[in-house]
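Hi,

Here is the structure I promised to pass on. Have a look, and my notes follow below.

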Amino acid sequence: MTDIDPVSLSALEQAAAIRSGRLTSVALTEMYLQRSEQLDDQVGAFAHLAPDQALEQATAVDAALADGRLGADAVLAGCVVPVKDLDLVAGMPCSFGSRALAGFVPDRDAAFVSRMRQAGLVITGKTSTPEFGLPAYTENDLGHTARTPWDPSRSAGGSSGGAAAAVASGLASVAQGSDGGGSIRIPASVTGLVGIKPSRGRVSGLPFPDSVGELSAIGPLGRTVADAAALLDVLAGSSPADLFGLAALGPGTFLAATRTDPGPLRIGAFATPMVVDTEVHPSCLAAYEEAKSRLGELGHDVVEIEPPFTPAEVPAFEAVWRTGAAAIPLLAEQEDVITPLTRHLRERGGKLSAVDLAEAVARMRGAAVAAITATAEYDVLLTPTLATLPPRVGQLRDDEDPAADFEAQKRFTPFTAPFNVSGQPAMSIPLHHTADGLPVGVQLVGRPCDEVTIIALAAQVERVVGWHTRVPPLRAHRG
């Protein structure tokens, strides 16, 4: 390890160095654990670090590589990939970001975690998340506050804020996140990462069944499109028990897409917020205009269109979101320690009848059909990822007025949730930076079940822009 600085390498480069013998998974894991101990107080990436389990895994991976038990398709073998604290890793605490469930330790892995282990990935711990993943910021009552390493006074977003902070700060190779209304794309934008929300059913959520509305998707966060795509190849998969599971694709499909010319595409672009009538920050509009210009220069036909969703569809989404919060099984004594926002959502959701919920789901599905139909002539959609720059820590959270808190989140994130409703794949790419260095993402949305096209397009833009060479000051710290 003397001739290379692992933290400066992409995840795929780290894995290649491990296979070549220039690096070991144990050495890489030790380096990331050391950095996490030294730097995590500044960014709040981790809810739990598991050094003993991680080093045991890394030792096993090095042995498996030496024995040839991990094939050439295990392209991330040996890399460090933490798991979000909403998902199960056997033997690691899983609090769901809540004091109500602090101390819970599952005895089984989530289905995708099993695939991570089989692919030779090393799990150093659980990344921080807000309570039950409900807010678009990561500030919970367990003391975990995720911050962007570009300006630690600002939020890393949510709910995969800890996962994004870990990768952006150089505390992990890549990371797993989940996205029910933008929770991968939001943190990706404010931390300068690539974040992919795959199609509904692409990644199994078992042992948890899909919640009503089927909004959530599990996906990757990485510094490069190729890193994120390679992790998505690992995560992707379903079983007969997955009611919305998609058919398996060939090994390495998404990584291969990063080396594919997407060809001239027809791209529908809009910057009108869909969730709420709000102003879009000039820097977010500048990122959007830069994206249109870059895509045009690359030979794509970029057409301004009307947004396929409008605020009229939002009440249905909110009804389903609140019902999901109300359905979280908590004991009476656990109700006493949840956050005001969670309590507010549960109270509102508990007042909805079965008929109200059925009507809300029907309206969402009708809106999704209409939106997909209206944009069917376009290969990709382009929008800003967010409407504002990363908020200051505490700026969105309002325990005194949780209704105002929820409305502030909508103004922050008016472009992401509609594509959870439609189930389409969507990703944020870190195309732009402000004059003072804050990253600003743009969102690419694909046709249903077509991650390949947006990944190929993102990789094409990345080759021109080279955003992975931009490094936040905190990441440059050597452990």
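**Strands first**

Ile196 stands opposite Met427 in β10. That pair belongs to the antiparallel match between strand β5 (residues 194–197) and β10, which are joined by 3 bridges. Here strands pair if DSSP finds at least two bridges between them, and helices (H or I, at least four residues) and strands (E, at least two) are DSSP runs, numbered from the N terminus.

Before you read on: this is a predicted model, where local features need pLDDT of at least 70, side-chain atom pairs count only at pLDDT 80 or more, and totals for chains, interfaces and linings use all residues. Residues are numbered from 1 along each chain as its sequence is written, and side-chain values use heavy atoms, with hydrogens and water left out.

Back to Met427: its bridge partner in β11 is Leu444. β10 and β11 (residues 439–446) run antiparallel, with 6 bridges between them. Their hairpin has 5 residues between the strands, and Gly437 takes a positive phi near 95° there. As for cover, 8 of the 8 residues of β10 (426–433) are buried (under 20% relative accessible area; exposed is over 50%, partly exposed in between; 1.4 Å probe, protein chains only).

There's also an open sheet of 3 strands with mixed pairing, in the order β1-β3-β2. β1 (46–49) and β2 (83–84) are its edge strands, each pairing on one side only. β2 runs parallel to β3 (residues 125–127), joined by 2 bridges, and Val83 sits opposite Lys126 in β3.

Lastly, helix α14 (402–412) has buried residues including Pro402, Phe406 and Phe412. Among the elements covering the buried residues of α14 are α6 (185–191), α10 (314–326) and α12 (340–350).

Cheers

Methods. Contact = heavy atoms within 4.5 Å.
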